[in-house]
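Open the structure in your viewer and get ready to click along. We will go stop by stop, selecting one thing at a time.

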2 protein chains.
Amino acid sequence: MTKKNVCPLDYTMNLIGTKWKPLVLFHLLEGGLRSGTLQKKIPGISNKMFTQTVRDLEKDGLIFRKVFPVVPPKVEYSLTDRGMSLKDILISLDKWGSEDCQK
Amino acid sequence: MTKKNVCPLDYTMNLIGTKWKPLVLFHLLEGGLRSGTLQKKIPGISNKMFTQTVRDLEKDGLIFRKVFPVVPPKVEYSLTDRGMSLKDILISLDKWGSEDCQK
DNA sequence: TAACTATATCACTTATTAGTGAGTTATTGC
DNA sequence: GCAATAACTCACTAATAAGTGATATAGTTA
């Protein structure tokens, strides 16, 4: 099956239409975080999926990866402008969940 | 890995955090559609994934399935109130895509 | 009576996603 | 010189998602 974007929403879903991506982006809204700190904010995500998700988001220019040349390693993730442009949507999704789950 | 919801967004993602679900919901915003019509609006989705996605959405009370007892079969899907409460988010996701893709 | 229709379901295979545990790195502190 | 550290990466396996082609349904039309 080919991956053509037939409508803008299709394009959006190809970028962030997974379970983990919005969660990672959401937890960076307040500012950049170290790799370990970010991962701890997302219980249930395995080490591997975390790495894979941030790699994907970085490749698509939604987050920025800053490596500090220290030992032990320090890596900080933060939203790019592009990632930040999803802010309202991410907050809406979180808000929807908080309202819906108490029904 | 267990599926505990640690934040509202996590809850939301467990409900609609897939590639196809938002697309199906989006195309029902303007009103109910016959099964075949809805499926045609989502190129790239296979018969199986379409069925599976609408089953899931129905199970979670986001869409409603109305069967007309005629031959050949006629089935219409429409948003429930719960599904409709995602309207603004779905439109925002679509809008984000249309703005982002032209950069 | 055979084809056509719309909406599926089923069995089977392939592809993708996810989990797990071990290994890597280079420095600091014991 | 050995463990501890943070952030991975890798190999391997398990689980889930997805694709494909066949089949079912039951009336209507040719």
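Before we start, here is one definition to carry with you: a residue is called buried when its relative accessible area is under 20%, exposed when that value is over 50%, and partly exposed in between. Keep in mind too that this is a predicted model.

**Stop 1: chain A as a whole**

Select chain A and show it as a cartoon. You should find six helices and three strands. If you trace the chain along its sequence, these elements come in the order α-α-β-α-α-β-β-α-α. The C-alpha trace of chain A spans about 45 × 40 × 25 Å along its principal axes. Of its 103 residues, 41% count as buried.

Now look at how the chain folds back on itself. Among contacts in chain A between residues at least 6 apart in sequence, 46% link residues at least 24 apart.

Next, select residues 7–103 of chain A. An unreviewed UniProt entry annotates this span as "domain: HTH hxlR-type". The span is 55% helix and 14% strand, and its end C-alpha atoms lie 32 Å apart.

**Stop 2: a threonine in the first helix**

Select A:Thr12, which you will find in helix H1 (residues 8–16) of chain A. Is A:Thr12 buried or exposed? Its relative accessibility is 0%, so A:Thr12 counts as buried. Leaving out neighbours within four places in sequence, which residues are in contact with A:Thr12? They are A:Gly17, B:Leu93, B:Trp96 and B:Gly97. Three names in that list carry the letter B, so chain B is our next selection.

**Stop 3: where the two chains meet**

Show both chains and colour them separately. Here 35 residues of chain B are in contact with 35 residues of chain A. Together the chains bury about 3,200 Å², with 72% of that area on carbon and sulfur atoms. Highlight B:Leu9, B:Leu93 and B:Trp96: they supply 21% of the area that chain B buries against chain A, more than any other three residues.

How many residue pairs are in polar contact across this interface? The count is 16. On the chain B side, helix H1 (8–16), helix H2 (21–26) and helix H6 (87–100) each supply at least two of the residues that touch chain A. H1 of chain B gives the most, with nine residues. The residues on this side of chain B divide into 19 nonpolar, 10 polar and six charged.

**Stop 4: charged pairs**

Side chains of opposite charge can pair when their charged atoms come close. Over all chains there are 10 salt bridges, and four salt bridges cross the interface of chain B and chain A.

Select B:Lys19 and A:Asp10. They form a salt bridge in which the closest N and O atoms are 3.9 Å apart. This pair crosses between chains: B:Lys19 sits in the loop between H1 and H2 of chain B, and A:Asp10 sits in helix H1 of chain A. Use the opening definition here: B:Lys19 is partly exposed because its relative accessibility is 25%. A:Asp10, at 3%, is buried.

Then select B:Asp10 and A:Lys19. This salt bridge also has its closest N and O atoms 3.9 Å apart.

Move on to B:Asp100 and A:Arg82, where the closest N and O atoms of the salt bridge are 2.5 Å apart. The pair runs from helix H6 of chain B to helix H5 (residues 81–84) of chain A. B:Asp100 has a relative accessible area of 4%, so it is buried, whereas A:Arg82 is partly exposed at 25%.

For a pair within chain A, select A:Lys59 and A:Asp60, whose side chains meet in a salt bridge of 3.2 Å, N to O. A:Lys59 is exposed, with a relative accessible area of 60%, while A:Asp60 counts as buried at 17%.

**Stop 5: an unusual-looking click to finish**Select A:Val71 and A:Pro72 and look at the bond that joins them. The peptide bond is cis, with omega near -5°. A:Pro72 lies in the loop between strand S2 (63–68) and strand S3 (74–79) of chain A.

Now go to chain B and select B:Val71 and B:Pro72. The peptide bond from B:Val71 to B:Pro72 is cis, with omega near -5°. B:Pro72 is in the loop between strand S2 (63–68) and strand S3 (74–79) of chain B.

Technical notes. Residues numbered from 1 in each chain as written. Chains lettered and ligands numbered in written order. Predicted model: local features only at pLDDT ≥ 70, side-chain atom pairs only at ≥ 80, totals over all residues. Heavy atoms only, no water. UniProt positions renumbered as here; feature names shortened; annotations may be inferred. Helix = DSSP H or I, 4+ residues; strand = E, 2+ residues; numbered from the N terminus. Buried < 20%, exposed > 50% of the residue type's maximum accessible area, 1.4 Å probe, protein only. Contact = heavy atoms within 4.5 Å. Buried area = accessible area lost by both parts, 1.4 Å probe. Polar contact = N/O pair within 3.5 Å; in protein donor to acceptor, adjacent residues only side chain to side chain. Nonpolar A, V, L, I, M, F, W, Y, C, P; charged D, E, K, R; others polar.
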